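Visitor: I'd like to walk through this one slowly. Can you help me read it?

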Amino acid sequence: MEDIKKFNKEISKYFFDSLIFLPGIFSIKSINEENEMSIFNDLMVNLTAPMLITVPVIKNMLLKNNGTLIYIGSSSSYAGFKNTSVYCSSKHGLLGFCRALADETREKNIRTTLISPGSINTKMASPLIQGNNFESFIDPNEVSDLIFELIYNQSKSMWQEEIILKRRSYS
Amino acid sequence: MKKNILLIGSDSGIAKNLIEILLIMETIYSQLQEGISANLNHSNIFR
């Protein structure tokens, strides 16, 4: 928490046009394997940290009446999957946060987007490798391209607040 | 247009790719600012 306070103090000195929050922890565990620390850590990275970091960034965006906020959700933002109850909770929470944030700041010209992909072909998805074709997972380059488009090619009259990305193939 | 972006992420996956794209954009922007032809087309920006 002290690290985040120090970090937030530093970033509050700057005006950012965009915040892109990408980190996440994904672990497969039944609820009876969870403990205080694993629950706390996963919620901290996936939900609390993006909320904490948003505060100083958006304060300055509101002063300028302009800003773009992009967060990464998951298919678990919209559904519950067994053995990932903490992860699903954190991603559902992030969806709620983004929806409320968008509603609160939309008219101040702050644009909020939650991108919710299925499994992406990165190290984070390695717990899913058993029984799945890793090659069919979403290409991280394509997600990067999408984020780039959201930042650099913005429409004047509309904004996409929630984007759900599905794999094109599961085989 | 040059943007001031706060990117929070690790050095892998989406973040790594995005940093590469943004750095290329920054380079192109700087070169254009200096009046030097970047000689890059749209597809170069994305890979």
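Guide: Gladly, and we can begin with a term: two strands pair if DSSP finds at least two bridges between them. Please keep in mind as we go that this is a predicted model.

Visitor: OK, so which residue stands opposite A:I20 in strand 1 of chain B?

Guide: That residue is B:L7. The two strands concerned, strand 1 of chain A and strand 1 of chain B, which covers residues 5-8, pair in the parallel sense over four bridges.

Visitor: And what is the bridge partner of A:I20 in strand 2 of chain A?

Guide: There the partner is A:I70, and strand 1 of chain A pairs with strand 2 of chain A over four bridges, in the parallel sense.

Visitor: What order do the strands of the sheet have, then?

Guide: The order is 4(A)-3(A)-2(A)-1(A)-1(B), which is an open sheet of five strands with parallel pairing. Strand 4 of chain A, residues 162-165, and strand 1 of chain B stand at the edges with a single partner strand each, so one side of each is left without a neighbour in the sheet. From one strand to the next, the twist averages 10°.

Visitor: What actually holds strands together in a sheet?

Guide: In general, the strands of a sheet pair through backbone hydrogen bonds, and the pairing may be either parallel or antiparallel.

Visitor: Let's look at strand 2 of chain A. How many of its residues are buried?

Guide: Six of its six residues are buried, so to judge by a cut-off of 20 or more other C-beta atoms within 10 Å, and strand 2 of chain A, residues 67-72, is mostly covered. A:G67, A:L69 and A:Y71 point one way from the strand, while A:T68, A:I70 and A:I72 point the other way.

Visitor: And strand 3 of chain A, why is it largely enclosed?

Guide: Strand 3 of chain A is largely enclosed by the rest of the structure because eight of its eight residues are buried. On one side you can find A:I110, A:T112, A:L114 and A:S116, and pointing the other way are A:R111, A:T113, A:I115 and A:P117. Six bridges join this strand to strand 2 of chain A, and the two run parallel, with A:T68 standing opposite A:R111.

Visitor: Which helix lies across strand 2 and strand 3 of chain A?

Guide: That is helix 3 of chain A, residues 85-105, which runs at about 160° to strand 3 of chain A.

Visitor: New topic: how do helix 1 and helix 2 of chain A cross?

Guide: The axes of helix 1, residues 2-11, and helix 2, residues 36-64, come within 9 Å and cross at roughly 30°, and the two helices of chain A are therefore roughly parallel to each other. Helix 1 of chain A passes helix 2 of chain A in a right-handed crossing.

Visitor: Which residues meet there?

Guide: From helix 1 of chain A come A:I4, A:N8 and A:I11, and they meet A:A49, A:L52, A:I53, A:V55, A:P56 and A:V57 in helix 2 of chain A. By class, this contact has eight nonpolar residues, one polar and no charged.

Visitor: Back to the two chains. How many residues are in contact?

Guide: On the chain A side there are 25 residues, in contact with 16 residues of chain B. Helix 4 of chain A gives the largest share of the side of chain A that touches chain B, eight residues, and that side has 18 nonpolar, four polar and three charged residues.

Visitor: What pattern does chain B follow along the sequence?

Guide: Chain B follows β-α-α, with two helices and one strand, and buried residues make up 13% of its 47 residues.

Visitor: Where does B:G9 lie?

Guide: B:G9 lies in the loop between strand 1 and helix 1 of chain B. Leaving aside its neighbours within four places in sequence, B:G9 is in contact with A:L22, A:P23, B:I14 and B:A15.

Visitor: Is B:G9 buried or exposed?

Guide: B:G9 is partly exposed, with 18 other C-beta atoms within 10 Å.

How values were computed: Residues are numbered from 1 along each chain as its sequence is written. Chains are lettered from A and ligands numbered from 1 in the order in which they are written. This is a predicted model: local features need pLDDT of at least 70, side-chain atom pairs count only at pLDDT 80 or more; totals for chains, interfaces and linings use all residues. Axes are lines fitted to C-alpha atoms, for helices over the stretch in contact, and angles run from 0 to 180 degrees between N-to-C directions. Angles under 35 degrees count as roughly parallel, over 145 as roughly antiparallel, 65 to 115 as roughly perpendicular and the rest as oblique. A crossing is left-handed if the near helix is turned anticlockwise from the far one by less than a right angle, and right-handed if clockwise. Two residues are in contact if their C-beta atoms, placed from the backbone, lie within 7 Å. Ala, Val, Leu, Ile, Met, Phe, Trp, Tyr, Cys and Pro count as nonpolar, Asp, Glu, Lys and Arg as charged, and the others, Gly among them, as polar. A residue is buried if 20 or more other C-beta atoms lie within 10 Å of its own, exposed if 12 or fewer, and partly exposed in between; C-beta atoms are placed from the backbone.
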